[in-house]
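Colleague: I should be grateful for a close look at one part of this model, with an account of how that part is packed and what surrounds it. Please then set it against other places in the fold.

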Amino acid sequence: MGRIRVLVVDDHRIFAEALAAALAAEPDVEVGAAGSAAAAERALERAAAEGRAYDVALIDADLGAETAGARARPGAEPAEEARRRQAPAAPPPRRSAAPTTVARAADQLRAEQLRSDQLRSDQLRPEQLRADQLRAASPPPDGITLLGRLRRAHPGLRAVVLATADDPHRAARALHAGATGWVAKESSLARLLAVVRGVLRDETHLPPALLTGVIRELTTARRDRTESERLVDTLTPREKQILRCMVAGLGRQAVAERLYLSPHTVRTHMQNVLGKLGVHSTLAAVAVARRAGISPAESAVPPSIASAP
């Protein structure tokens with residue numbers, strides 16, 4: 001085996017740099033680091049384009065958790081800022097003595113910031129405001145979601161999750177997303193290297209304490225999937241097509257236009273889908289479809305389906 005190319009994906013910079021340095025001390029290991037999901041995707045794409053693809057990605061299970069928690073609610077602004085925008089401008093307080101240079105500069109900076117914020121708010125078009133709100137409402141993916149994305153984009157990549165705690169549910173989710181290893185961050189470097197080399201031999205590495213819980217989680221997930229598949233199999237071909245459109249997030253009018261049906265007919269099909277799946281909302285129907293492995297509707301409708309009654 002030649003040199004092993006490892007990408008560390010962790011937004012805790014001190015940990016990531018220390019781990020990368022420790023791994024790089026191994027004579028057969030070459031290491032890169034990424035501090036976010038976007039940086040990891042760019043690094044993998046760039047390495048693949050250069051013919052130097054990474055072999056293993058070590059991904060923090062809690063990637064982006066702190067960033068996501070600090071994000072503001074979409075469309076909201078801090079209460080203090082809202083009050084400041086709504087309240088009439090107050091005259092500056094009298095000073096008993098001439099202001100210092102620092103105080104004057106701070107006052108000017110605050111006034112300039114307020115003017116800049118107000119100007120930007122006045123200039124933003126409605127669609128720009130909506131785009132800003134959508135970006136705020138879409139936090140970056142966590143490590144396990146990113147792992148699934150990377151495995152789909154780079155099938156030859158092995159992925160190992162770095163976790164602060166053993167969690168059977170998350171470990172099962174990681175395995176389902178394509179992980180082949182789960183390592184506690186408090187593990188020794190020797191243990192991590194053993195897992196890295198093991199996954200390159202197509203081995204799956206889990207801590208012994210997690211095995212029973214993970215098997216139980218996977219069994220439950222398989223049972224839920226089987227039941228969901230059974231329910232979906234009761235649908236007609238047209239109802240399955242409607243369900244795939246629902247999974248894609250299409251509303252009744254959009255489905256009607258795509259399948260060349262009347263909105264009333266689509267409404268009837270949707271009601272039939274909900275009834276056969278034993279649920280009472282589109283969201284619940286989508287959850288059943290996802291468990292059954294139903295993918296979203298494609299951009300084009302097959303003629304055989306489009307022409308069906």
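Is Leu-150 buried or exposed, and at what relative accessibility?

Modeller: Leu-150 counts as buried, because its relative accessibility is 2%; buried means under 20% relative accessible area, exposed over 50% and partly exposed in between, with a 1.4 Å probe and protein chains only. This is a predicted model, in which local features need pLDDT of at least 70 and side-chain atom pairs count only at pLDDT 80 or more, while totals for chains, interfaces and linings use all residues. Residues are numbered from 1 along each chain as its sequence is written, and side-chain values use heavy atoms, with hydrogens and water left out.

Leu-150 belongs to helix 7, where helices (H or I, at least four residues) and strands (E, at least two) are DSSP runs numbered from the N terminus. Apart from its neighbours within four places in sequence, Leu-150 is in contact (heavy atoms within 4.5 Å) with Glu-41, Leu-44, Ile-59 and Leu-157. Ala-57 lies 93 residues from Leu-150 along the chain, and the C-alpha atoms of the two are separated by 9.1 Å.

Leu-150 is one of the buried residues of helix 7, which also include Gly-143, Ile-144, Leu-146, Leu-147 and Gly-148. The partners of these buried residues come from both kinds of element. On the strand side they pack against strand 1 (4–9), strand 3 (56–60) and strand 4 (158–163). On the helix side they pack against helix 2 (37–49) and helix 8.

Some figures for the whole chain give the setting. The chain has 15 helices and five strands, and buried residues make up 33% of its 309 residues. Among contacts between residues at least 6 apart in sequence, 72% join residues at least 24 apart.

Asp-62 offers a point of comparison in a loop. Asp-62 is placed between strand 3 and helix 3 (65–70), and its relative accessible area of 24% makes it partly exposed. Once neighbours within four places in sequence are left aside, Asp-62 is in contact with Thr-164 and Arg-170. The C-alpha atoms of Asp-62 and Val-161 are separated by 9.6 Å, although these positions lie 99 residues apart along the chain.

Elsewhere, two helix pairs deserve attention. Two packed helices are described by the angle between their axes and the distance between the axes. Here the axes are lines fitted to C-alpha atoms over the stretch in contact, and angles run from 0 to 180 degrees between N-to-C directions.

Helix 1 (residues 13–24) packs with helix 9 (residues 189–199) at an angle of about 70°, and their axes are 11 Å apart. That angle makes helix 1 roughly perpendicular to helix 9, the term for angles of 65 to 115 degrees. In this pair, Leu-19, Ala-22 and Leu-23 of helix 1 meet Leu-189, Leu-192 and Leu-193 of helix 9.

The second pair is helix 11 (residues 237–247) with helix 13 (residues 263–277), which pack at an angle of about 90° with their axes 9 Å apart. Helix 11 is therefore also roughly perpendicular to its partner, helix 13. Helix 11 brings Arg-238, Glu-239, Ile-242, Leu-243 and Met-246 to the contact. These residues meet Val-266, His-269, Met-270, Asn-272, Val-273, Leu-274, Lys-276 and Leu-277 in helix 13.

Two loop residues that lead into helices have an unusual backbone sign. Most residues other than glycine have a negative phi. Asp-202, however, has a positive phi near 65°. Asp-202 sits in the loop between helix 9 and helix 10, and it counts as exposed because its relative accessibility is 62%. Tyr-260 likewise has a positive phi, near 60°. Tyr-260 is found in the loop between helix 12 (252–259) and helix 13, and its 67% relative accessibility is why it counts as exposed.

To return to the part requested, Leu-150 is a buried residue of helix 7, and its contacts beyond the sequence neighbours include Leu-44 and Ile-59. Asp-202 and Tyr-260 are, by contrast, exposed, at 62% and 67% relative accessibility.

Conventions: Angles under 35 degrees count as roughly parallel, over 145 as roughly antiparallel, 65 to 115 as roughly perpendicular and the rest as oblique.
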